[in-house]
Structure formats: structure tokens, C-alpha cells
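Student: I have a model open and want to learn how to read it. Where do we start?

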Amino acid sequence: MQDNWLFIGIAVVIAAMLPMLPIAAARILSPHRPNRLKNETYECGMETVGDTWVQFKVQYYVYALVFLIFDVEMIFLFPWAVAYDNLPLLGVIAGLVFIFLLLDGLAYAWRKGALEWS
Amino acid sequence: MTPIQYFFLFTAGFTLLAALGVVTRRNVVHSALLLVVALFGVAVTFAILEAGFWAVFQVLVYIGAIAILMIFMVMLTRRNVADETYPEPFNDNMRLAFLAALLVFGGLALTIGGWDAARETMTVPLDYDALREFGRAMVSPDGYLVPFILVSVLLLAALVGAIYVAVLGNKSQEERE
Amino acid sequence: MSFFEDPIKFLAGLLQDLLVSLNLHPIAITVINNIVGALIVSSVGLVIVIFLIWLERKLAARFQDRFGPNRAGPFGILQSFGDLSKLVLKEDVVPDAADKIPYNIAPILSIAAVVLVWAVVPFSVEWIGTDLNVGVLYIAAVGSFGILSVLMAGWASNNKYALLGAFRAVAQLISYEVPLIFALLIPVLLARSMGVNQIVGAQDIWYIFVVPVAFGIFFIASLAEIGRTPFDLLEAESEIVAGYHTEYSGMKFGMFMAGEFLHSLTLAVVTAALFLGGWRGPYVEQLPLLGPLYLFLKAGFVYFLIVWIRSSLPRIRIDHMLDITWKFLTPLSVVLLMAIALTDALLKEFGQINNTALYVGAMIAVNVVIALLALFAASRLNSRQRRQIKTFEPRPLAVPPKPAAPAAASTSEEASA
């Protein structure tokens, strides 16, 4: 088991190194002539007006919130699915109740308009 | 010490440094990104302890959902992302907070240090499938069936509360205006 | 053991012998073995993706009745190398307003998040980076670094369009992750395991034929995860310049580009492993070399579907796109999971779990019924919504004179004007 995670750990290091190589190569090979005009924020040639911060819809946040709850619930279902063979009938029903409550939450969110974009 | 213990110390130190960065950075988004680093350190610690499920859980929930939610939150509220005039990260309550943190740490260290089971070595049979056992224990009546259902009710309550605050609260505010 | 029987094992044996003969510490041997393994596994995808970019351009060209790249090398197969050398030689413009550290980390993270998936992809009977017992969840977890890289790139660029693109992208990615993970849960439930290789091993009948609806949900959700048409809002060039990587140039932009292609390939391979039987095929037990061939044939089929859809469908509006996941795919996947779990449990109760024909038949029946119900519900919902929308009344740009209006009124108007 620990060997598995050793492999993953090494893979993390290698996966980070792989994209660094071409970027480093580009740094050596490519020209580097910055000037003030070139390094301006790109907005299709127009001059930037105001801050980057513009009023974002709060809806983005609501989706993230609903997603968080779903994420936690879904992950709890994975061990349940893995152990499905050894479960007593009550365990199966408990899992189904769990999923049903999740669906309930979704229905509530839908009904209250949390899933509407506008 | 075995190499794994060295690696554990390294990870723990790394995590603590990142966590320290979270509270000392002035730029709030940098804090949030350092928080991701610290949470990843915790995931690595789980992996070292062979708790693979919890390592993955840590990444999926804390980095994939909670950290993103926090970054969203910061970006939605902050007036200007490039603004360097952030408030000083520490105020007069710092000493009090430090004391509280020390007390919590001392209490935890004492409790875990005085707990015999924490120092016992357990022999686990080779074919022991911790994941399957966990899944079974979670929903069987002699295990954690009631907490499992309670968790789902709690999460439902959290969802309802979140929607109320984020959507309905907003709507009623608009109506007042 | 000869080379042709199992080349990987043969070479691994050679390496092992070499390391032992060097009198290294056993831990060093394990570490070196792992490094070699991780290097091979991580670079497989990157090497394939170079040719895949050519293939995709060629295919897209054919769909649009063009030739596509045909100058560099035979059939233009060297085109990607040309692009690569161009990207290496391009100047890397870093905007002054950018937040330098996250700006530079984001492209690295976007590739790393995809490359890491290959650590758990099974290529043949025993050829797998590492058979994690939480493999499927690991794939989902690694994907969350991809989301993070998008958010980092968008924020660090300090550009309105980049940030807007990042926000859209993250909203899309996290929304589609819900049905994606639910669809992942179904093969896990059927195979009783989270290990990817064990799931492949359990597919005596490919899961696409057992749970076709789950495959459909997974495929649509993964289209959105990789940001391909019809879900390519995150870089809708006609709306928000180029999305979250507007401010990137040179090789860093190339990394995002390669990351996108690699992500498509990776999800095609994962789909092939989870639903199309992975490396399974005739004679693979005798000749493990056939495993990767089967896997990439199946993944190639999925990839072809992706390119086909890309060149056939227009982009979907953002509110419709979010409606598809939250109001259709998510409830559908939840209901499907409940139905499949229930069917499985019932068959087990009646002792019919080993009756393959009955099992598969029941599963397919459940799938078909749920798919029909879902489509019916969706069409009902749709027509109800359509009735609520007021019929569109065309408003002419130039208002013609009202025929009923008396002539006197018009003259008085003229007089007042």
C-alpha cells in the first residue's frame, strides 16, 4: 500500500517537472524584449478602463456552495458501493435513504430557484 | 528513524510553513492559495499514514470544493484584486488568539499523549481491506448507521441554510430596495 | 521469460537485476524502480498527444471538407513538431499587471493535473502505474487541481476577460463534476471496487452494455470537463477573447493548449477503461502487448466521437448549459444510481446475482425505463417553460405609419415637430 503512494508521490514530482522542461527551453531559446506597451493588459487593443474587479454574479458562489454539499455526500457513497457485497439489507436501505435525502436537497434548491442562472 | 519518518517530518514542517503563510500574507488570494498548499500537505500526511481514502477525500473536498469556494468568496467581495492596500493581517487580538491556539495544541497533545491506544502497535491481517470494512461499518446497525444518516440530514440542513442565505436572503434584500 | 511474451516485465526484470548487481540499498532500488515507472507512465500520454493534435486537425478538416495540415512530412504528420518549435521560439509576454507566482504556476499545474491521471490507467493485464485501491476517486481528485489551475490563471492574469472566463469555467467544471462523479459511482458499484484495474477486470460484459445511460451521462459530463464544444464557453473566443488564458503567450499558452488535448485523450482513455472494457479483448491474456492496442483503439473511438461532436454542434448558452447539468443530468444520475443499487440488491436477495443473463437484462431494462422517463420529464418541463415565455413579437426597426390614424393627427404631429 505504501509502495502505491510512493509511486504517486514520485509521479507528482515528475508530472510537475514535465511541463517545466519546455517552459525552461522556451525561456532560453525565445527572445525577450518587453516594453511598456506590449506588457499592458490585453483588451483587444482598447485601453483598460477601471479595475479588473467587475460585479460578478452571486450565482457563481451559489453553484459552488451546492456543489460542495454534493461533493461531500457523493464521496461517502464510494465506500458504501465498494462494500456492497457485504452489506446487510438495512445497510443498503440506509445508503438509499442517504441518496434520497441528497435528491431532496436538490429538489429544494431547484424549487427555491438556487439553480436559476438569471 | 526510517526514511518515512523523515519524510513525515518534512511534510509536517512544510504544511505548518504554508499554514503560517496563510495568516501572515496580506494579499487575501495569496492566503487562499497557500491554504491550498497546506491542505495538500495534510493530504500527503494521510497518504503517508496509508489512509488513501482520506488523502483523496482531502484533495477532492478541501482543495476541489472548499478552497475553490473560498477563492470565489474572496474574489466576489474584494474590490480590486491588484490592490496592495490590504489591512494589516494582525491586530491587538493576535496575542489572545495565539494563547488560545497554544491551549488547544497543549490540550490535544496531552490527550493524545496520554491515550494508550495511540502508542499501541496493531497487527493487521494481510488480506484486511480497510476500505471495504469502512464501507460496511458505516451503514451497518452495529457500526455507524445512525451517525451516517445524521450526517446526511446535517448536510441537507446545511444545503437549505446555504440556499436561504445566498439566494433567498439576496432576494428579500432586493425587494426591500 | 522471453521479450515478446511480456516486454515490460522483461525489461523491468533486467533493470531489477542491474540495480541488485550494483549493490544498492533496497529502498534506493524501490525508489529507482518507481521513478522509471512513473516516467514511462507520465510520458506515454504526452507522446501520444503530439500525434493526436495532428489527427484531430486532420479529422476536423475532413468534417469541414478541407485538407487540414498536409505540408510538413507525409500527410502533414510532422505538423505538431513544427507548432512545438514555433511555440518554443515565441516571446513569452508577461503582462505587468500579472501576479507573477500564480501566473507561472498555473500552466504547470494544468498539465500536471492531467498527467497524474495516467498513474492509475491500466494498459494491460498487469501493466499499470500503480493499482490504487481508491483509483476512481483519485482520478476525480486530481481533476480538482485542473479547476484550481484555471482559477489561478484567470486571477493572476489580472484581466477582466480572463477572470470572467475563469469564473465561467469553474462554474461549468464544478457543476459537471456532480453527474461525472455519480456516473463514476455506477461502475464502482457494479465492480465492487474503486481500483481501475479491478473495474476493468470485472467487465466480462462491457459496462456500456450493462449501464448505457451511465455511459451517456459520463460522456456528456466529460465533454464539459474538457471544455469541448458544445460546452466550450470557457474560451468562447467571440465573447470573452480567449477565456482564462487570454494573457498567456509562447510556451505557457502551449502548455494550456497541450493540456486541453491531453485532457481529452485522458478522459477518452478513462472512459474506455471504465465503460468499454479497457485492455480487454481476445488473446490479451496470452499476449499482454495487445492490451495497450485494445485500450487505445477504444479510447480512439471515444476521441473520434468527441471530435465528431465538436465539428457538428454549436456552442450552448451558459444558462442552458448549467440547466442541463443541474436539472437534467444530476437528477437523472441520482435516480439511476438508486435504481441500479436497488436492482442489484433485489437480485442478491433472490439469489440471482450470478445469473448473468438475468442480471444484464434487468440492468438494461432499468436503464431504458429511466432514460425514457427522463426524456419524457425533460420534454414536459421544456414545453411548460416554452409556454411561459411570451411569444416573440418582432418589433420593426422603422415604424410604419398607422393605417387607422386619421390624416389630421399626422399633420398636427408634423406641425409640432
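Tutor: With the spacing of two domains. This is a predicted model. In it, the centres of domain 1 and domain 2 of chain C are 23 Å apart, taken over C-alpha atoms.

Student: Which residues of chain C belong to domain 1 and which to domain 2?

Tutor: Domain 1 of chain C covers 1-89. Domain 2 of chain C covers 94-385.

Student: How many residues of domain 1 of chain C are in contact with domain 2 of chain C?

Tutor: Contact here means C-beta atoms within 7 Å. By that test, 21 residues of domain 1 of chain C meet 17 residues of domain 2 of chain C.

Student: Which helices supply the side of domain 1 of chain C that touches domain 2 of chain C?

Tutor: Helix 1 (7-21), helix 2 (26-63) and helix 3 (79-89) of chain C each give at least two residues to that side. Helix 2 of chain C has the largest share, with 15 residues. By residue class, the side of domain 1 of chain C that touches domain 2 of chain C has 15 nonpolar, four polar and two charged residues.

Student: Now a single helix. Which residues are buried in helix 3 of chain C?

Tutor: C:Q79, C:S80 and C:L87 are buried there. Seen down the axis of helix 3 of chain C, the buried residues fall within an arc of 95°, so they line one face of the helix.

Student: What do the buried residues of helix 3 of chain C pack against?

Tutor: They pack against helix 2 and helix 10 (250-275) of chain C.

Student: And cores? What is the general idea?

Tutor: In soluble globular proteins, nonpolar side chains tend to be buried together. In this model, the largest nonpolar core has 201 residues. Those with the most contacts inside this core are B:I68, C:L137, C:A166, C:V170 and C:L185. Helix 6 (residues 160-191) of chain C gives the largest share of the core, 24 residues.

Student: Take B:I68. What is B:I68 in contact with, leaving aside its neighbours within four places in sequence?

Tutor: A:A64 in chain A, plus C:I147, C:L148, C:L151, C:V170 and C:I174 in chain C.

Student: How many helices and strands does chain B have?

Tutor: Six helices and zero strands. From the N terminus on, the order is α-α-α-α-α-α.

Student: What share of chain B counts as buried?

Tutor: Of its 177 residues, 24%. Sequence separation adds another view. Among contacts in chain B between residues at least 6 apart in sequence, 52% join residues at least 24 apart.

Key:
Residues numbered from 1 in each chain as written. Chains lettered and ligands numbered in written order. Predicted model: local features only at pLDDT ≥ 70, side-chain atom pairs only at ≥ 80, totals over all residues. Domains from an automatic or database assignment. Contact = placed C-beta atoms within 7 Å. Helix = DSSP H or I, 4+ residues; strand = E, 2+ residues; numbered from the N terminus. Nonpolar A, V, L, I, M, F, W, Y, C, P; charged D, E, K, R; others polar. Buried ≥ 20, exposed ≤ 12 C-beta atoms within 10 Å, placed from the backbone. Arc of directions from axis to C-beta. Core = buried A, V, L, I, M, F, W, Y, C linked by C-beta atoms within 7 Å.
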